[in-house]
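Work through the exercises below with the model open. Try each task before reading its solution.

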Amino acid sequence: MLEYIRIGCAVPPVRIGSTEENVAEICRKIREAEERKCDLLLFPELSITGYSCADLFFQDILLKKAAEGLDTILRCSVDYPKITVVVGLPAAIGGQIYNCAAVLSGGILHGLVPKTFLPNSGEFYEQRWFSSAKDLQAESVAARELGLSGDRQIPVGSDLLFRLADGAMLGVEICEDLWTPLPPSTLLALGGAEVVVNLSASNETVGKREYRRSLVKHQSSACYCVYAFCSAGWEESTQDLVFSGHSLVCENGVLLQENRERIASDYLLVQDADLGKVRAERKKNKSFADAAALCGSPVRTIPCGGGTLRSRGENYPVSKLPFIPDARQDRQERCLGIFRMQAMGLARRLKAIGANAVIGVSGGLDSTLALLVAAEAMRLLGRPVSDVYGITMPCFGTSDRTYSNALELMRTLGVRQREISIRDAVSTHFRDIGHDPSVLDTTYENAQARERTQILMDVAGMVGGIVVGTGDLSELALGWCTYNGDHMSMYGVNASIPKTLVRWIIDAIAEMPEYAASRAVLLDILDTPISPELLPPDAEGKISQHTEDLVGPYALHDFFLYYVLRFGFTPGKVYHLACRAFAEDFSREIILKWLKVFYRRFFAQQFKRSCMPDGVKVGSVSLSPRGDWRMPSDASARLWLQELESL
């Protein structure tokens, strides 16, 4: 199950008090929403009559025609049973008038949710006409009392939850309810609501659109929910107010979509939302469950249609690079913020133990970032950059390009540099263990990695330093490191940085004035193919061993890693998302091939992560065995691979 829900926010033209015309427009929007395969459709507050009827709400004929209009909408919905519709109207219950949201589908009125908080200051005076949900004396009302046809008892109250297709749970609140210290949606979310809709008539004033957006984003974040807000359009009365028709859909604090026009009417905004992300966050966040136990109030759950949700996420944004913002300014800010966190983490460790920093510099991406972090850490501590010891250790696979880049980077940064060739030491080691150096196998590669680590550790002892690890998050996930070789250090500054992000951090640093002297070499390093350089170069002296040819494209693996760890999605859903994101880059067969490789390696290489050194955490995805990922090293990947085989 993909767990997407398609939500429509409909702002139809409105004529104040003309219920027949308004209902006709509402039915037109329902038909349009059916064409776009919406699962859930909401309208503005009091959309059957118009919000700005004022004292006309006391007129019995308006209340009667509003009920008849709801009957018409119910009949219209019979032809579109897969859409749950939420529409606003005034309703007379127990001798009082309530500002209500009606939830219906397939010709059935499932319930009425009255507004709880009625604004009564400034330009608002709703308490003149309406009573609050807290004033209700009954939990249901007869259809005939509402002026509707039929003999059913209709559930009514602010405590109603509606179970939609695939078990999606819907909560409803109205306009001012959201603007209070304790919105009803908070209690509904604690009671199980995964989607909250708000039928609103929020007038426009200077700065209010931005404030409204921040309010909806915050509520969706605090409640771990999808929150859809739909407000009355400009065709409401302008006697004293202007209404803008602002609609937006947020998910876990992220704005998915809003209408672009600042003053709008007569449109249908359609957006897919991912209930899987909502459910994943709630599973992980135990404070949410604690709040539900402490503050949750009883709710009533109303079955509201069955079957399955229709959306497959076609309207849901999926980025190829989930760790990296699309906009350049956002990307620069995030990358430099991460760089600062890395440097602060290392600076604190160096200060605590009074140590220098020792780093193996290969001329590749990871060691470049680690060296930059170490240099920045010394600046933060007010210490000379020469307290960083950079060591390049050429061997059989070192290319001229990476060798010269390593030396140039150390020179331009001003770190203390050394060159220690490991050719003779590794050749001696091959003789000692009886390995034929012409056999370019795992032993051939691992011996070089372990020799480099031994040198770094011993030099660190000589100069009173610690070895700063260079391995990144992607390598840890795939186990693409030599156990007790480049796998090991005394502090890993790149431990929670995925490979795709390493590039962009270096790119951002290259723009910093403080690193202008290193800009040219940094750009050349960014242009160098990713390689461990453990096999000899080709006949032209170029890198022959390309990591992505062996383990797969890091863009794919980082994508897999994000959705597997961040949300715990099934292999089938991860595959579906990857096929959408990389449709123009890889065939579905290639994506499936590398996804299988990812799961096999991720499970098989846990033993390396179980003993990984300390490292600074910078994002929501990390593999530290002490804080973020605990997994037995002998766990089986069978269930995950079986699902992939069945696709």
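**Exercise 1.** How many disulfides does the structure hold?

*Solution.* The model is a predicted one. It holds 0 disulfides. Start with Cys76. The closest cysteine sulfur belongs to Cys27 and lies 3.5 Å from that of Cys76. A disulfide needs two cysteine sulfur atoms within 2.5 Å, so the sulfurs of Cys76 and Cys27 are too far apart for a bond. Next, take Cys225. Its nearest cysteine sulfur is that of Cys223, 5.0 Å away, and Cys225 is in no disulfide.

**Exercise 2.** Classify Cys76 and Cys225: is each buried or exposed?

*Solution.* Buried means under 20% relative accessible area. Cys76 has 12% relative accessibility, so Cys76 is buried. Cys225 has a relative accessible area of 0%, so Cys225 is buried too.

**Exercise 3.** Find the two faces of strand 15 and the strand that bridges join to it.

*Solution.* Strand 15 spans residues 300-303. In a regular strand, side chains alternate between the two faces of the sheet. Here Arg300 and Ile302 make up the covered face. Thr301 and Pro303 make up the uncovered one. Now look for the partner. Strand 8, residues 160-163, runs parallel to strand 15, and 4 bridges join them. Opposite Ile302 stands Phe162.

**Exercise 4.** Locate Trp234 and describe the surface patch that contains it.

*Solution.* Strand 11 (226-231) and strand 12 (247-251) are linked by a loop that holds Trp234. Its relative accessibility is 45%, so Trp234 counts as partly exposed. With Val242 and Ile263, Trp234 forms a nonpolar surface patch. Together the three have about 280 Å² of accessible area.

Note on methods:
Residues are numbered from 1 along each chain as its sequence is written. This is a predicted model: local features need pLDDT of at least 70, side-chain atom pairs count only at pLDDT 80 or more; totals for chains, interfaces and linings use all residues. Side-chain values use heavy atoms; hydrogens and water are left out. Patches are made of residues with over 30% relative accessible area and no salt bridge: like charges are joined within 9 Å, nonpolar side chains (Val, Leu, Ile, Met, Phe, Trp, Tyr) within 5 Å. Accessible areas come from the Shrake-Rupley method with a 1.4 Å probe; for residues, only the protein chains shown count as cover. A salt bridge is a side-chain nitrogen of Lys or Arg within 4 Å of a carboxyl oxygen of Asp or Glu. Helices (H or I, at least four residues) and strands (E, at least two) are DSSP runs, numbered from the N terminus. Buried means under 20% relative accessible area, exposed over 50%, partly exposed in between (1.4 Å probe, protein chains only). Two strands pair if DSSP finds at least two bridges between them.
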